[in-house]
Structures are given as C-alpha cells and as structure tokens.
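Me: Hey, got a minute to go through a model with me? I'll just fire off questions as they come.

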Amino acid sequence: MAVLVIAEHDNSSLKSSTLNTITAAKKLSDDIHLFILGSNIDELTNKSKDIHLLSKIIKCDNEKLKNFLPELSAPLISNLAENYSHILAPASTFGKNLLPRVSALLDITQISDVIDIVSNDTFVRPIYAGNAISQVQTNQKINLLTIRPTSFEKSEDSGGNASIEETPFVDTDLKTIFINREVSKSDRPELGNARIVVSGGRGLENSDNFKLLYELADKLNAAVGASRAAVDSGYIGNEYQVGQTGKMVAPELYIAIGISGAIQHLAGMKESKVIVAINKDLEAPIFNVADYGLSSDLFQAIPEIIKELDLLNQIES
Amino acid sequence: MKVLVAVKRVVDYKVQIRVKSDNSGVETQNVKMSVNPPDENAIEEAVKLKEQGLASETVAVSIGDEKSQDVLRTSMAMGIDKSILLKTQNTLEPLAVAKTLMKLIEKEKPDLVLMGKQAIDDDSNQTGQILSALLNWPQGCFISNLKIEGNKVSISREIDEGIENLETSLPAVLTCDLRLNTPRFASLPNIMKAKKKPLDIIDIDSLGIDTTPRIKTLKVIEPPKRKAGVMVSDVKELVKKLKYEAKVI
C-alpha cells in the first residue's frame, strides 16, 4: 500500500524536514505520495516533482491554507487516509500541531517522534527526554507517525518524476484568525540541519555577549543554538532553543558554551557526532557527554578560538 | 468563565530515570513524582485569570491512580479552586486521555481548557490537539502569551521559526509552553488550605469510554552511551583536535 507524507513548507519551498520524512517513508513502501497543502503552490509542486523517491504529489491549493492552520488541514488529510497504510509528518512544531488532529478524526493512536522504523508495524521512539528508548508495535489499520528529522537522512531532491494530482479544498468552519508570524531573519544555516551548531547558555550572561557567539558561528559557518536558561533569560529568541521542549539537533559538531547540560538540554543534542563543551565549572554535566572538554572562561576562550581559526585559514590559503 | 486545567503526575524532571531490568518500562516506584512542568504553567495561568477577575472558577483534573491526588493537592495549593481525579490503574494513550477529558468537559462545561504542551515522561505532545479536534473547539498550541478580552482570545505560539500570533474565541483548548509564565511556589498556609478544598474521585470505568491501548510496548532500553571524551588543556589543543583528529572543521 502507498504511504502518505505531509509536506512542511513555506508555500515556496519545502522544509528539509520533509525530505527527512520522505526517507523514513522509504522504509515502509516504494509508493510514496507527498501531500502539499498551501496557497499558490504551483511552483512548489512542480519543483517537488523531482524528488527522487516520490511517485505522486497530491496538492490542495487554496488561499485559506496559506498559514497552515491545523483545523483546516486535518480534515483534508483524514479524507485521503483510507488509501494509505501510513501517514507521516515531520515531528516539528508544524507536524506536532497538525497530526494529532488527524488522530482524533480517524480514531487512531498516533506514534510521536519516531527515530527508527523496524518494520511496517514496529517503531522506535525516545521517551523521558531520550533517557529511554521505547520499541512499540501497533496493529491499527492506518499508522500515524511523526518522524524526528535528525534521525533520517534527507532524500535526494532530484532525479524523480512524480505525477501531480489535485484534491479539492473543503472548507471548515474556523474561528481562528491568523495575525502574523514573527520570524527572525538570518543568513546562518538552519538550526535543525546545520553541519555545525554553536550553542550558548546562561554563562553568556546577557544578549549582548551572544554577539561573541554569533561571531564564532559565522567563522565556522554554523547555526546558533541556545539552552532553555538563555532563552528564558531573554538573551535570544525561542526558535534557538535546543532540548526536550525545543529543537532536536544532530550536527557533525556541537559546541556548547556556558551550558551546564541539564538532562533536558542533552535530550536535544546528544546525538551530535562530535560534542565540545566549554565551561568554567568542571562539575558541569555537559562534560559527561562531551568528546572534547575545555575548562575555561568562555569570554577568554571564544576570542582565542576565533584567532586560532583565523590562523588556520591563513595557513591553508 | 470557567477554566479546566489538565494535570499529569510524572517522574520529577530532576530525577535521572532508570530503565527496568526486564526492559518492560521505566522505574517509577520509589521515585520522586511531581506535576508535569508545563502543566504547572497551565495551573499558574488559570490562577492568574482568576486573580484578574476573568475566571469565575478553576478546576484541575488528573487521570491516574490514587496517588495522583498529590498533584491535584499541589494544584489547589497554587490556587486552583477544586479538583477531580479520574481514577484508573491503567496508563492511557493520548487519544484515550482526550476522550476521557471530553466526557468530563461535557459535565463540567468549562469555557477554556489549559494543559501543558507535552508530558515529560512519554513526550507525545498530542492530547491538547486531539481534544481540540474532538470538541471542535479552536486549538492554540505551545502558547507563550495569552490575553483574553470578553470572548476574544489572543495567543502567541512558539514555533520552530519564531512566534506565531493568532486570534480566536472561547471556548478553546490551549497548550502551554514553559515561557508562558513563572509558576508560583505553594506557600505553607496555602498547602494547608488546599487540604480542605474539594477533590472528587470518579472511577474512569463509570464514564463508559473504551480506553484499551492501541499500542503495545515491546521493550524499553537504555540509549547507547557516548564514549568518554577527553579534557583539552587550552584552545590551541582544542582547535587542533577538531581539525586533525575529529576532522570536523
């Protein structure tokens, strides 16, 4: 049977989480359909045709779908559900906001935050902030899964030739009005799929000092992250929070600066390939997961690292 | 306006959990239990609405065994007026939790339902969304700001890209993020007072809902441990290691 993937996008391009979710779908079926719900999405749909693993794109294009309100999208998804053995969405705030409503409409229990697919009915997901890993099985007629993007590679976005089908928009009586989205603009890589993440915690002491961190991040072409403590203190916006209740990241290099390493923070970054911890406090739990630890004052360490990186670049050029 | 707050009893967030040796689950016996942290934000918000004169009554509800009374007492010590325990020995999946809450909502008739955005034990992040869909009430998830004027509800939601602002109306289901407010500590006099506040216990079986699990846990294991790392003596050594040993820069 075919598998349906719900696309996360901004009406002009797909989020990389969609490509990770398509890779997960490949473990379930060779017949993968991508459902794109949005507004003015002709161009997006045409571009998405090229995704290697897709056999079909289903689009629903309506002005009202512009802001992805889940009350409108969920019934459109559940209307298509009977044709599919599995419906997948990324476990991003987009997917988390949406897929449980489909669960309600279909009377199917959803499995959240899947990190591995053992077979068509058996899935692996972290619980307790990743301090335990649970393997679960279900025999429901449709499987609803949110997929943790960092656990699956991105699928190739070229080489494919999917067919395009349109499904009509069906309106839902909606009491919610979209006002706006406050999105911080940045030229840095996206936190969720950056190769390097430089993350700051309470040790940075204020938002002004985060500039030091930005400088280091730019030197490394890295994304910036933060601990909950730093976000709560207003040093940086919520979209940068890494951890159990923030974003999950798994870059090749994660540099934690002035972060003590609470369980909840580790939950969001301990799958990183190489972890560096820089902290004054030798007892900080972040050192327990670090591949390289440096016990040092970060206000000295960061400028020194920048200097060393400049030196390296000079040698190479 | 009547406000209903859903509260879950979970292993305290500071506890380093242990996986049971038979791999059937996580050890919860003789472990410190507390109110699920984002549920505390929901409690705090409800109490604030009462203090501001916007809420006429606040009710906390929990689903669980006898012991879940303690999180309801905590809720009332923080200022919730009364509470209800829907008693069961079973662990309910989010869909079953939402169906159970819906039954209670039909009886209690709140105008606003608040709960945490996720429980820190099973990390599902589903119940509020399911409940909103079942009730056909507006959904506001992961909120970090709430303003209610008359029937109008203005919320800010924390999303991956930043903040999303929505306007909707009562009745509504809202799930709370940790930055919505700072939950108060219950003072000793308030803890004493909470002991006298009403706590009803309803057997979940009397509600006539099918709460049979749809998902079977095959095994629960510990996550793979990371290899022990090394301490470097200075920045020079660190950068060298990253460049030539780990080869990540």
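Me: Let's begin between the chains. How many bridges join strand E11 of chain A to E9(B)?
Reply: Six bridges link strand E11 (residues 177-183) of chain A with E9(B), and the two strands run antiparallel. Keep in mind that this is a predicted model.

Me: Ok, and which residue in E9(B) is the bridge partner of A:Arg181?
Reply: That's B:Glu164.

Me: How many residues does each chain put into the contact?
Reply: Chain A gives 70 residues and chain B gives 63 residues.

Me: On the side of chain B that touches chain A, where does the largest share come from?
Reply: From E9(B), with eight residues. Other elements giving two or more residues to that side include helix H4 (127-135), strand E7 (139-149), strand E8 (152-159) and helix H6 (235-245) of chain B.

Me: And by class, what does that side look like?
Reply: The side of chain B that touches chain A has 31 nonpolar, 18 charged and 14 polar residues.

Me: Switching to sheets. What's the strand order in the open one with six strands?
Reply: The order is E13(A)-E12(A)-E14(A)-E15(A)-E16(A)-E13(B), with parallel pairing. From one strand to the next, the twist averages 20°.

Me: Which strands stand at the edges?
Reply: Strand E13 (223-226) of chain A and E13 of chain B. Each has a single partner strand, so one side of each is left without a neighbour in the sheet.

Me: How many bridges pair E12 of chain A with E13(A)?
Reply: Four, in the parallel sense, with E12 of chain A covering residues 196-200. Within that pairing, A:Val198 has A:Val224 in E13(A) as its bridge partner.

Me: What does helix H5 of chain A lie across?
Reply: Helix H5 (residues 210-220) lies across E12, E13 and strand E14 (253-257) of chain A. The helix runs at about 170° to E12(A).

Me: New topic: how many residues are in the largest nonpolar core?
Reply: 111 residues. Those with the most contacts inside that core are A:Val5, A:Phe35, A:Leu88, B:Val5, B:Val61 and B:Leu114.

Me: Which helix gives the most to this core?
Reply: Helix H3 (residues 94-108) of chain B, with seven residues.

Me: What does A:Val5 touch, leaving out residues up to four places away in sequence?
Reply: Among them are A:Thr18, A:Ile22, A:Ala25, A:Ile32, A:Phe35 and A:Leu88.

Me: And what's in the second, separate core?
Reply: That one has 66 residues, including A:Ala194, A:Met269, A:Ile286 and B:Leu238.

Key: Residues numbered from 1 in each chain as written. Chains lettered and ligands numbered in written order. Predicted model: local features only at pLDDT ≥ 70, side-chain atom pairs only at ≥ 80, totals over all residues. Core = buried A, V, L, I, M, F, W, Y, C linked by C-beta atoms within 7 Å. Buried ≥ 20, exposed ≤ 12 C-beta atoms within 10 Å, placed from the backbone. Contact = placed C-beta atoms within 7 Å. Nonpolar A, V, L, I, M, F, W, Y, C, P; charged D, E, K, R; others polar. Pairing = 2+ DSSP bridges. Axes fitted to C-alpha atoms, helices over the stretch in contact; angles between N-to-C directions.
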